[in-house]
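Thanks for asking me to look this over with you. Below are some points that may help on a first visit, in an order that is easy to follow on screen.

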Amino acid sequence: MFASRLILRKLPIQAYEAFTQACFGRPNNAVQKGAVFNVFQSVSRNMFIQTQDTPNPNSLKFLPGVKVLDPGQTIDFPNGTEAFCSPLAKLLFRIEGVKSVFFGPDFITITKLDEDVDWKLMKPEIFATIMDFFASGLPILTDAQPSSDTQINEDDDETVQMIKELLDTRIRPTVQEDGGDIVFMGFEDGIVKLKMQGSCTSCPSSVVTLKNGVQNMLQFYVPEVIAVEQVGGEPEVEMKIMTRAQKHLHNNKEET
């Protein structure tokens with residue numbers, strides 16, 4: 001029932017690409033089609049580290065060219081205290097200017113404290129820390145499990161199963177390309193509760209992404225979804241983000 005219901009509402013690939021473009025502001029395969037990367041090479045360790053900009057000017061995505069976590073897995077370290085279970089995260093938090101650390105399957109997202117902190121001063125130390133760590137052979141995590149909130153459980157009803165399936169297959173991959181992730185927190189009275197992680201946590205466009213992207217896509221496939229709400233995060237930051245998002249949406253309506 002769940003599978004057939006989703007297939008019946010499946011979009012053609014061309015329409016899906018156009019839909020993703022409209023929702024997220026860029027094609028789903030933007031990275032594969034040639035996003036601009038900066039590359040740092042360590043000849044002595046034979047490691048290439050790429051950096052990729054994210055929609056959040058205070059977050060940068062580092063791609064070491066080796067596995068960080070298993071496919072589809074992520075883990076968020078919003079502060080140094082939360083990094084007790086990761087030797088690599090603890091080392092990265094020792095770098096001046098680092099606010100948060102986020103691990104994806106093949107990338108590491110670093111978010112700096114504010115706009116006054118210069119990436120040019122932080123990058124060399126971040127590169128060196130990542131290279132030294134992978135050369136050491138130490139485990140990325142010691143006693144923590146990566147996020148698996150979209151895993152379908154036996155007690156999930158059909159609606160929750162569809163929401164998790166869409167998040168896992170259609171939405172999370174796009175968000176992870178931008179160095180972040182979306183965590184499913186619950187579904188109640190038609191409201192899907194999600195938590196933004198990584199570069200999405202304090203991104204000025206995160207609310208726009210939730211409302212114009214995630215909410216629209218979930219409502220298209222799952223009529224039971226009334227709205228999407230962001231939970232968690234820093235209240236002051238969220239208020240600033242919401243103000244910017246409302247202004248952005250207002251300007252878009254005036255242009256159309």
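**Notes for a first look**

1. A good place to begin is Asn56, which sits in the loop between β2 (47-53) and β3 (59-63). Please keep in mind that this is a predicted model. Is Asn56 buried or exposed? Its relative accessibility is 2%, and because buried means under 20%, Asn56 counts as buried. The side chain of Asn56 also reaches the backbone nitrogen of Asn58, at 3.0 Å.

2. Next, look at the strands on either side of that loop. A hairpin of 5 residues joins β2 to β3, and the two strands pair in the antiparallel sense over 4 bridges. One pair to pick out is Gln52, whose bridge partner in β3 is Lys61.

3. Stay with β3 a little longer. This strand also pairs with β6, again in the antiparallel sense and over 4 bridges; here Leu60 stands opposite Ile110 in β6. How many of the residues of β3 are buried? The count is 5 of 5. Both faces are covered, with Ser59, Lys61 and Leu63 on one side and Leu60 and Phe62 on the other.

4. Now for the interior. In soluble globular proteins, nonpolar side chains tend to be buried together. The largest nonpolar core here has 30 residues, and those touching the most other members are Phe77, Leu92, Val101, Phe103 and Ile108. Elements giving two or more residues to this core are β2, β3, β4 (75-77), α3 (87-93), β5 (98-103), β6 (108-112) and α4. The biggest share comes from α4, with 7 residues. Apart from this core lies another one, of 20 residues, including Val160, Cys200, Leu218 and Val222.

5. If you would like one residue to centre your view on, try Val101. Leaving aside residues up to four places away in sequence, Val101 touches Ile75, Asp76, Phe77, Ala89, Leu92, Phe93, Ile108, Thr109 and Ile110.

6. Helix α4 deserves its own visit. The helix covers residues 119-136, 18 residues in number, and reaches 25 Å from its first C-alpha to its last, close to the expected 26 Å. At the N-terminal end, Asp118 acts as a cap: one of its side-chain oxygens lies 2.9 Å from the backbone nitrogen of Lys120. After the helix comes Gly137, with a positive phi near 80°. The buried residues of α4 are Trp119, Met122, Ile126, Phe127, Thr129, Ile130, Met131 and Phe133. An α-helix has 3.6 residues a turn, so residues three or four places apart point the same way.

7. Finally, the charged pairs. Side chains of opposite charge can pair when their charged atoms come close. The count for this model is 5 salt bridges. One of them links Asp70 and Lys67, with the closest N and O atoms 2.6 Å apart; Asp70 is partly exposed, with a relative accessible area of 34%, and Lys67 is exposed, at 56%.

8. Compare that pair with Lys164 and Asp156, whose side chains meet in a salt bridge at 2.8 Å, N to O. Lys164 counts as buried at 4% relative accessibility, and Asp156 counts as buried at 14%. Arg172 and Asp181 also meet in a salt bridge, at 2.8 Å, and both are buried. Which residues are joined into one network by salt bridges that share partners? They are Asp168, Arg172 and Asp181.

Terms used
Residues are numbered from 1 along each chain as its sequence is written. This is a predicted model: local features need pLDDT of at least 70, side-chain atom pairs count only at pLDDT 80 or more; totals for chains, interfaces and linings use all residues. Side-chain values use heavy atoms; hydrogens and water are left out. The expected span of a helix is 1.5 Å times one less than its number of residues. Buried means under 20% relative accessible area, exposed over 50%, partly exposed in between (1.4 Å probe, protein chains only). A polar contact is a pair of N or O atoms within 3.5 Å; within protein, one must be able to donate a hydrogen and the other to accept it, and residues adjacent in sequence count only if both atoms are side-chain atoms. A nonpolar core is a set of buried Ala, Val, Leu, Ile, Met, Phe, Trp, Tyr and Cys residues joined through side-chain atoms within 4.5 Å. Contact means heavy atoms within 4.5 Å. A salt bridge is a side-chain nitrogen of Lys or Arg within 4 Å of a carboxyl oxygen of Asp or Glu. Two strands pair if DSSP finds at least two bridges between them.
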